[in-house]
Amino acid sequence: MSEMVINIISGIAYLILAPVMGGLLAGIDRKISARMQRRVGPPVLQPFYDVFKLLEKQTVAVNETQSFYIFGFLLFVILSGLFFFAGGDMLLVIFTLTLASVCFIVAAFSSNSPYSQIGAERELVQTMSYEPMLLLVAMGFYLHCGTFSIEGILQSSRMNFIYMPGIFIGLSYILLIKFRKSPFDLSASHEAHQELIQGILTEYSGRTLAMIEVAHWYENVFLLGFVYLFFAWSAPWSPVLGLLMCALAYFGDIVVDNCCSRVKWEHMLASTWLVTLVAGFANIVFLMYVK
């Protein structure tokens with residue numbers, strides 16, 4: 001079977017299976033968090049029940065622009081994952097993901113709600129916090145593997161993590177932002193006390209809110225793919241290690257989420273840039289001059 005056919009099948013599998021896996025991850029997240037807090041918690045399938053219920057509700061949009069940009073958010077998130085799992089260019093993947101974030105932010109800014117406006121501003125700060133590290137991830141893979149191609153990175157003869165531990169630490173740190181976990185869940189918390197006033201999500205309802213939730217499921221699965229790249233290479237058993245590390249990374253973020261309180265946006269921005277500079281940039285220097 002040709003590599004092109006395999007890439008097409010991988011992309012289609014992501015398109016179909018990612019929302020299922022993302023919903024299950026969200027359900028497992030709730031269950032583990034509840035157990036850590038000595039609660040029973042909802043069923044693992046509760047996120048699916050919530051989305052189906054939202055799809056049945058009437059959508060009340062502030063304006064037509066809002067729904068348009070939310071659809072763009074979902075579309076660009078899906079395209080980012082398709083490019084990634086089809087073995088595409090990593091820079092294209094990151095730029096497409098950035099477009100998704102821009103659509104999400106502009107949609108919130110289109111509302112006059114003060115909660116939505118503040119949530120959009122915090123989402124913008126979060127984007128400024130994690131974008132430099134994502135670019136360093138792409139640069140690190142290029143310096144180590146000699147290509148931005150996801151397919152080429154997976155064919156590396158050596159485990160990428162061995163030469164990129166600092167970049168992996170930086171990626172793990174910013175994933176707390178992308179997974180919307182404490183201490184960096186500033187723009188849209190998933191905690192119960194914010195269900196009525198939920199920052200950037202305040203003005204969404206019905207199918208629009210369901211699209212946002214599904215987009216996050218797609219995004220979470222796609223982002224775990226970055227973790228997978230650090231531990232999967234040409235060895236036949238490496239995919240098992242890659243999947244195991246994805247599970248450990250996600251579980252680690254759940255633990256941090258339940259152990260840390262939310263910080264101010266200034267602390268988030270300063271700490272992420274510090275980690276990016278110390279861990280990420282130092283690793284880039286190592287790859288350039290020492291490797």
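Which residues have the most contacts inside the largest nonpolar core? The legends below start there and then move around this predicted model.

**View 1. The largest nonpolar core and the residues at its heart of contacts.** Met-90, Leu-171 and Phe-226 have the most contacts inside this core, which has 76 residues. Helix 9, residues 206–231, gives the most to the core, with 16 residues. As general background, nonpolar side chains tend to be buried together in soluble globular proteins. Take Met-90 as a place to start looking: beyond its neighbours within four places in sequence, Met-90 is in contact with Val-137, Ala-138, Phe-141, Phe-148, Ile-150, Ile-153, Phe-226 and Leu-229. Phe-226 thus appears both in the list of Met-90 contacts and among the residues with the most contacts in the core.

**View 2. Helix 8 against helix 9.** Two packed helices are described by the angle between their axes and the distance between the axes. Here the axes of helix 8 (residues 165–178) and helix 9 come within 11 Å and cross at roughly 170°. The two helices are therefore roughly antiparallel to each other, since an angle over 145 degrees counts as such. From helix 8, the contact uses Ile-167, Phe-168, Leu-171, Leu-175 and Lys-178. Helix 9 answers with Glu-219, Asn-220, Leu-223, Phe-226, Val-227, Phe-230 and Phe-231. Sorted by class, this contact has 9 nonpolar, 1 polar and 2 charged residues.

**View 3. Asn-220, a buried residue of helix 9.** Is Asn-220 buried or exposed? Its relative accessibility is 12%, so Asn-220 counts as buried, the cut-off being under 20%. Setting aside neighbours within four places in sequence, Asn-220 is in contact with Lys-178 and Phe-179. Lys-178 is also one of the helix 8 residues in the contact with helix 9.

**View 4. The loop between helix 8 and helix 9, with its backbone surprises.** Most residues other than glycine have a negative phi, and most peptide bonds are trans. Keep that in mind when you look at Arg-180, which is not a glycine but has a positive phi of about 60°. Arg-180 sits in the loop between helix 8 and helix 9 and is buried, with a relative accessible area of 12%. Pro-183 lies in the loop between these helices as well. A cis peptide bond joins Ser-182 to Pro-183, with omega at about 10°.

**View 5. Helix 1, from its bend to the residue just after it.** Where does helix 1 (residues 3–36) bend? The bend is at Leu-17 and amounts to about 45°, and a proline, Pro-19, follows within four residues. Just after helix 1 comes Arg-38, with a positive phi of about 60°. Arg-38 is in the loop between helix 1 and helix 2 (46–56). With a relative accessible area of 83%, Arg-38 is exposed, whereas Arg-180 is buried.

**View 6. Helix 1 across helix 9.** These helices pack at an angle of about 95°, with their axes 8 Å apart. That makes helix 1 roughly perpendicular to helix 9. On the helix 1 side you will find Tyr-14, Leu-15, Ala-18, Pro-19, Met-21, Gly-22, Gly-23, Leu-25 and Ala-26. They meet Val-214, Trp-217, Tyr-218, Val-221, Phe-222 and Leu-224 of helix 9. The contact divides into 13 nonpolar residues, 2 polar and no charged.

**View 7. Ser-101 and its contacts.** Ser-101 belongs to helix 4 (residues 90–109). At 5% relative accessibility, Ser-101 counts as buried. Apart from neighbours within four places in sequence, Ser-101 is in contact with Thr-127, Tyr-130 and Lys-178. Lys-178 may look familiar, as Asn-220 is in contact with it too.

**View 8. Two leucines, Leu-136 and Leu-75.** Leu-136 is in helix 5 (residues 114–145) and counts as buried at 11% relative accessibility. Not counting residues up to four places away in sequence, Leu-136 touches Ile-167, Thr-276, Gly-280, Phe-281 and Ile-284. Leu-75 lies in helix 3 (residues 64–85) and, at 38% relative accessibility, counts as partly exposed. The C-alpha atoms of Leu-75 and Leu-171 are separated by 24 Å, with their positions 96 residues apart along the chain.

Notes: Residues numbered from 1 in each chain as written. Predicted model: local features only at pLDDT ≥ 70, side-chain atom pairs only at ≥ 80, totals over all residues. Heavy atoms only, no water. Core = buried A, V, L, I, M, F, W, Y, C linked by side-chain atoms within 4.5 Å. Buried < 20%, exposed > 50% of the residue type's maximum accessible area, 1.4 Å probe, protein only. Contact = heavy atoms within 4.5 Å. Bend = angle between axes of the 7 residues up to and from the residue. Axes fitted to C-alpha atoms, helices over the stretch in contact; angles between N-to-C directions. Parallel < 35°, antiparallel > 145°, perpendicular 65-115°, else oblique. Nonpolar A, V, L, I, M, F, W, Y, C, P; charged D, E, K, R; others polar.
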